[in-house]
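Reader: I have the model open and would like to understand the words people use for it. Could you walk me through them?

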There are 2 protein chains.
Amino acid sequence: MTMHQHLLTQNGFVRQDDLTYPFEERGLQFGDGIYEVIRVYEGTYYLINEHVERLYRSAEAIKLTVPYEKKKMYHYLNELLQVNDVKGDAKVYLQITRGSAARDHVFPEKPEPNLYAYVKDLPRPKSFLESGVSTITQPDVRWDWCYIKSLNLLPNVLAKQTAREHDCFEAILHKEGEVTECSSSNAYLVKDGKVYTHPAKKNILHGCVRMRVEQFCRQLNIDFIEEPFQVEDIHEADEIFLSSSTAEVMPIVSVDGKSIAGGTPGVITRKLQQAYEEDAGLTAGSSIFSSNTHA
Amino acid sequence: MTMHQHLLTQNGFVRQDDLTYPFEERGLQFGDGIYEVIRVYEGTYYLINEHVERLYRSAEAIKLTVPYEKKKMYHYLNELLQVNDVKGDAKVYLQITRGSAARDHVFPEKPEPNLYAYVKDLPRPKSFLESGVSTITQPDVRWDWCYIKSLNLLPNVLAKQTAREHDCFEAILHKEGEVTECSSSNAYLVKDGKVYTHPAKKNILHGCVRMRVEQFCRQLNIDFIEEPFQVEDIHEADEIFLSSSTAEVMPIVSVDGKSIAGGTPGVITRKLQQAYEEDAGLTAGSSIFSSNTHA
């Protein structure tokens, strides 16, 4: 994952090597900030409106002023791809913190937020999308306001690390048995042709791809039911999948070492993956459906 | 609060101006780190063993390797005061993050933790200690593992900021009415001569001063009862107070705009403040009891 040379900051574009942060920065001392990860396919943003809207919602929720107005944000984000001559698949990471100030929980009197955004090349995770991934379940110990996409990600880090130590792609999080989402993606269960997922309350991230999955279901006449499912429901499920901006619509074929529905991606997951590819404007050459292995 | 010139890092001492952080640092992107704030009175640490022990416990809880062994940590912390010629009242802030790495929730293969510690002058908050402080109650929306002194402090920041916007010193946090602690201190209620506080479970910080308050109570024959109290109990209380390394044993004289027990610090709080001063070796000149206003 190569990082492109030019970074966006609150003061315009800088070169990678020219950007450092003060040690007394509220991002570094309190995680006092927010972020977004935006997908880029063939040099074009996917779901950029949804990401930018959520960024401003997160900022408002923590009373943080975004250094630019929305119109300028779109302008700069597009410029970020241009100055780096991005033509392929990539992701943009953008974060905003409440800036540098003498350490105090209370906000600085006149906060000067720090922003940076960079682009990294990122191919689609095709083999995972084709074969599906393994997961484990983990208790959800995160704070109550996960709808804010904040930099307080330590519980997510610890859950994902535990997953990786078990050779798993993701950790499915649950509060006393009730599945909320995954460590960095939303979680779904399919039963009798219906898709179940945790409602978009304050304790889960309102994923941009999650919103799209809801739309795809509507288009495909699949019931999309915002009701939490239980860990104990998982092994009776017809299909399980997850979604995020980098994982797209990703089949889950194993949970806690046990296969789900025979260990192969399910029919509805496949339909949603196909809808995703169409929605994202992915061309035949990039599709996971271009070989003969899938219908 | 002047910061002293010389900072401790994982590579030894550096001057303030020479320390910057990479933007792709796990502290800055995930809050993936831990910290301590240690009190210094007249150039000498107070409760340093307790803080160092907790630092290593926090590190272990998030599977982070502290760059030095304990013995060396003590050595460097003492050197930090010496090289800066600290003779007065101060605080040391120390944090350790999992280091710089390409952004990924999963730990880097070979993490190289970053550490820094600085000293700032900090006089005792005497007028607050004498008169007591105002507080407000706020819902506790933090994660389940607040016993880890992590850099994920956004909920604490938001609660403290709300307190300050109401001209209050602190926010008393509660989970559905049950008081856990404050945004950066532990909380106590006194009723019928007994001290009540939330048990040292995983969802509160196990304060170093809290441990001392327990010991002071034992010495003073005051029952120290580790049972949570309710927000609704507060206005029936005889006394309320909080404790932390910088706030010491601090009387609370107002909660949510209503006076507690007449709006003056209570007898047991005063006894514990006196025990604190003795334990910390605070001399007559520095004592809040040296004037005639207090018995």
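**Strands, bridges and contacts**

Author: Gladly, and let us begin with one residue pair: in chain A, A:L8 lies opposite A:F13 of β2(A). Keep in mind that this is a predicted model.

Reader: What makes strand β1 (residues 6–9) of chain A and strand β2 (residues 12–15) of chain A a pair?

Author: Pairing asks for at least two bridges between the strands. Four bridges join β1(A) to β2(A), and the strands run antiparallel, so they qualify as a pair. The link from β1(A) to β2(A) is a hairpin through two residues.

Reader: How do you know that β11(A) and β12(A) pair, and in which sense?

Author: Strand β11 (residues 186–191) of chain A and strand β12 (residues 194–197) of chain A share three bridges in the antiparallel sense. At least two bridges are needed, so this is a pair as well. Within it, A:L189 faces A:Y196 of β12(A). These strands also form a hairpin, with two residues between them, and A:D192 in the turn has a positive phi of about 50°.

Reader: What does β12(A) pair with in the parallel sense?

Author: That partner is strand β13 (residues 224–226) of chain A, with three bridges. Here A:Y196 stands opposite A:I225 in β13(A). A:Y196 thus has A:L189 opposite it in one pairing and A:I225 in the other.

Reader: Now to the two chains. What makes β3(A) and β3(B) a strand pair?

Author: The rule of at least two bridges applies here too. Strand β3 (residues 20–22) of chain A is joined to β3(B) by three bridges, running antiparallel, so the two strands count as paired. One of the residue pairs is A:P22 with its bridge partner B:T20 in β3(B).

Reader: Why is the link between B:E24 and A:K120 called a salt bridge?

Author: The cut-off between a side-chain nitrogen of Lys or Arg and a carboxyl oxygen of Asp or Glu is 4 Å. For B:E24 and A:K120 the closest N and O atoms are 2.7 Å apart, so the name fits.

Reader: Why does that pair join two chains?

Author: B:E24 sits in the loop between β3 and α1 of chain B, while A:K120 belongs to strand β7 (residues 114–121) of chain A, so the pair links the two chains.

Reader: How do you know that B:E165 and A:K63 form a salt bridge?

Author: Their closest N and O atoms are 3.2 Å apart, and the limit is 4 Å, so this pair meets the definition. Between chain B and chain A the count is four salt bridges, and the whole structure has 32 over all chains. There are also 25 residue pairs in polar contact between chain B and chain A, both residues at pLDDT 80 or more.

Reader: Which element gives the largest share of the side of chain B that touches chain A?

Author: α5(B) does, with ten residues. By class, that side has 25 nonpolar, 16 polar and 15 charged residues.

Reader: How many residues take part, and how much area is buried?

Author: Chain B gives 56 residues and chain A gives 56 residues. Together they bury about 4,700 Å², of which 63% is on carbon and sulfur atoms.

Reader: What confidence does the predictor give the complex?

Author: An ipTM of 0.97 and a pTM of 0.97. Chain A has a mean pLDDT of 96, with 98% of its residues at 70 or more.

Notes: Residues numbered from 1 in each chain as written. Chains lettered and ligands numbered in written order. Heavy atoms only, no water. Contact = heavy atoms within 4.5 Å. Buried area = accessible area lost by both parts, 1.4 Å probe. Polar contact = N/O pair within 3.5 Å; in protein donor to acceptor, adjacent residues only side chain to side chain. Nonpolar A, V, L, I, M, F, W, Y, C, P; charged D, E, K, R; others polar. pLDDT = per-residue confidence, 0-100.
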